[in-house]
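Hi everyone, thanks for making time. I'd like to walk you through a structure I've been looking at, so have a look at it on the screen first.

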Amino acid sequence: MPESRDQWTQFDGCREGMNSRYRCTKFRRKVYILFVMLCGCLCFVLYSFAFTCCAVTPAFSRSARLDYGGNVDAIYDDRLLYKDVHQQQNLRTKRETTLENSLHYRRQRRPQDINEMYSSEDGENPSQYDDDVRQADDKPAKSQGATGMLKTTKNATKKLPNAIIIGVKKGGTRALLEFIRLHPDVRAPGPETHFFDRHYNRGLEWYRNQMPPTLEGQITIEKTPSYFITRDVPRRIYNMSKDTKIIIVLRDPVTRAISDYTQTASKRTGMKSFEQLAILDNATGLVDTSWGAIRIGVYAKHLEKWLKYFPLSQFCFVSGEHLISDPAAEMAKVQDFLRLKKVITDKHFFFNVTKGFPCLKKPEGSGNPHCLGKTKGRTHPKVDPKVLRRLKSFYRPFNAKLQQITNQDFGWA
């Protein structure tokens, strides 16, 4: 209790202000509760936004892969391939996982195309390759050095290719590769790698690992015919090595288109006739340039894209017709281009009248001669002569341009 009057007066004054202080405290309590509610709402909004971002990102990545047909080049920048070797090794696991996811979605969308993806562009089954050559070329790697060069037994190493056969499909690329592999200083992988058009995201070390081991003085050659018509391949090969030598096998584009159609028709039933696919309008003779079999034969247009990155001196143009009629002469030209000793001569070939193709003679006592697979030499369908004349007329200006660029007469230009 207060001990003096002044204290009683002060105490009474406090009591007199109780209602005012009570009202003030009640207002502050309401403000505090409102503040707590606002903070809770803000936290809920931020949490919902963060959760939405986490959920959308994987979905966007998946849709991007689907929109690009599984082309993971849209996700990984090309420059990643040319960083330090150790950085490439760290990225390899992530890239292969992305590729597997991409292939999973592509199988759901185009199962038939995926099954054909790893087959040869020329329709050749890798199991039909010559067993003796396969055993000599495809020995497994044993260890990897600190420089990124894959070391194998007997001082052999896996190297990036010195030369690449880039096309054209159904032009004779498989025959050329089989012929050049006879040379003791040439090594080549069995199946087509499709690195620069389908597996570029896997990195150069993956590409190097697909190559066979080579000794000092030997060269590595790779063949993938679809490179010739794929837009980004010239730049990618240039970035790998601007000194890469390019080999192209060219064939009469009309005959090549018929051969392309024959191969496709042998795998699919119910296809339209060659005439129906090649000509859009019979009255005007308008050629369907959107059909791949026709578009591939416009050699000059495709070659111009390659000449933006490589000089003409780094190209070797092989005649598909001469590769059949006189393989030794064409192989002599290729050996000179690759600066190899002329080892492959007439004595290595004999003409198989039944198949209409030259076959390779094996060394004495090593078995029967080696001929290309049964898919070679298919009988072509009979095509309306009017359509043939129209296609020859269509290709004539492009063939003339090709002859002007290469300064080489192929006989059909």
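**Cores, bridges and one buried serine**

Okay, one thing up front: this is a predicted model. Let's start with Ser319, which sits in strand β11, residues 315-319. Is Ser319 buried or exposed? It's buried, because its relative accessible area is 2%, and the cut-off for buried is under 20%. Its side chain reaches the backbone nitrogen of His322, at 3.2 Å. And if you skip the neighbours within four places in sequence, Ser319 is in contact with Leu250, Glu330 and Phe410.

Hold on to Leu250, since it comes back in the next bit. The largest nonpolar core has 30 residues, and Leu250 is among those with the most contacts inside it, along with Phe196, Tyr207, Ile248 and Trp306. Several elements give two or more residues to this core, including β4, α7, β8 and β11. Which element gives the most? That's α12, with four residues.

Now click on Trp306. Not counting residues up to four places away in sequence, Trp306 touches Ile166, Tyr227, Phe228, Val233, Pro234, Ile237, Ile246 and Phe315. There's also a second, separate core of 26 residues, and that one includes Ala175, Leu177, Ala188 and Leu338.

Two of those names take us to helix α6, since Ala175 and Leu177 are among its buried residues. Helix α6 covers residues 173-180 and is mostly covered: eight of its eight residues are buried.

On to charges. How many salt bridges does the structure hold? There are 12. Take Lys223 and Glu192: their closest N and O atoms are 2.5 Å apart. Lys223 lies in strand β7 and Glu192 in the loop between β5 and α7, so the pair ties together parts that are 31 residues apart in sequence. Lys223 is buried, and so is Glu192.

Another pair is Lys392 and Asp252, which meet in a salt bridge at 3.6 Å, N to O. This one links distant parts of the chain, with Lys392 in helix α15 and Asp252 in the loop between β8 and α9, 140 residues apart. Lys392 counts as partly exposed, at 41% relative accessibility, whereas Asp252 counts as buried, at 11%.

Last one: salt bridges that share partners join Arg231, Asp232, Arg235 and Arg236 into one network. Within it, Arg231 and Asp232 meet at 3.5 Å, N to O. Arg231 is exposed, with a relative accessible area of 66%, while Asp232 is partly exposed, at 25%.

That's my tour, happy to take questions!

Notes: Residues are numbered from 1 along each chain as its sequence is written. This is a predicted model: local features need pLDDT of at least 70, side-chain atom pairs count only at pLDDT 80 or more; totals for chains, interfaces and linings use all residues. Side-chain values use heavy atoms; hydrogens and water are left out. Buried means under 20% relative accessible area, exposed over 50%, partly exposed in between (1.4 Å probe, protein chains only). A polar contact is a pair of N or O atoms within 3.5 Å; within protein, one must be able to donate a hydrogen and the other to accept it, and residues adjacent in sequence count only if both atoms are side-chain atoms. Contact means heavy atoms within 4.5 Å. A nonpolar core is a set of buried Ala, Val, Leu, Ile, Met, Phe, Trp, Tyr and Cys residues joined through side-chain atoms within 4.5 Å. A salt bridge is a side-chain nitrogen of Lys or Arg within 4 Å of a carboxyl oxygen of Asp or Glu.
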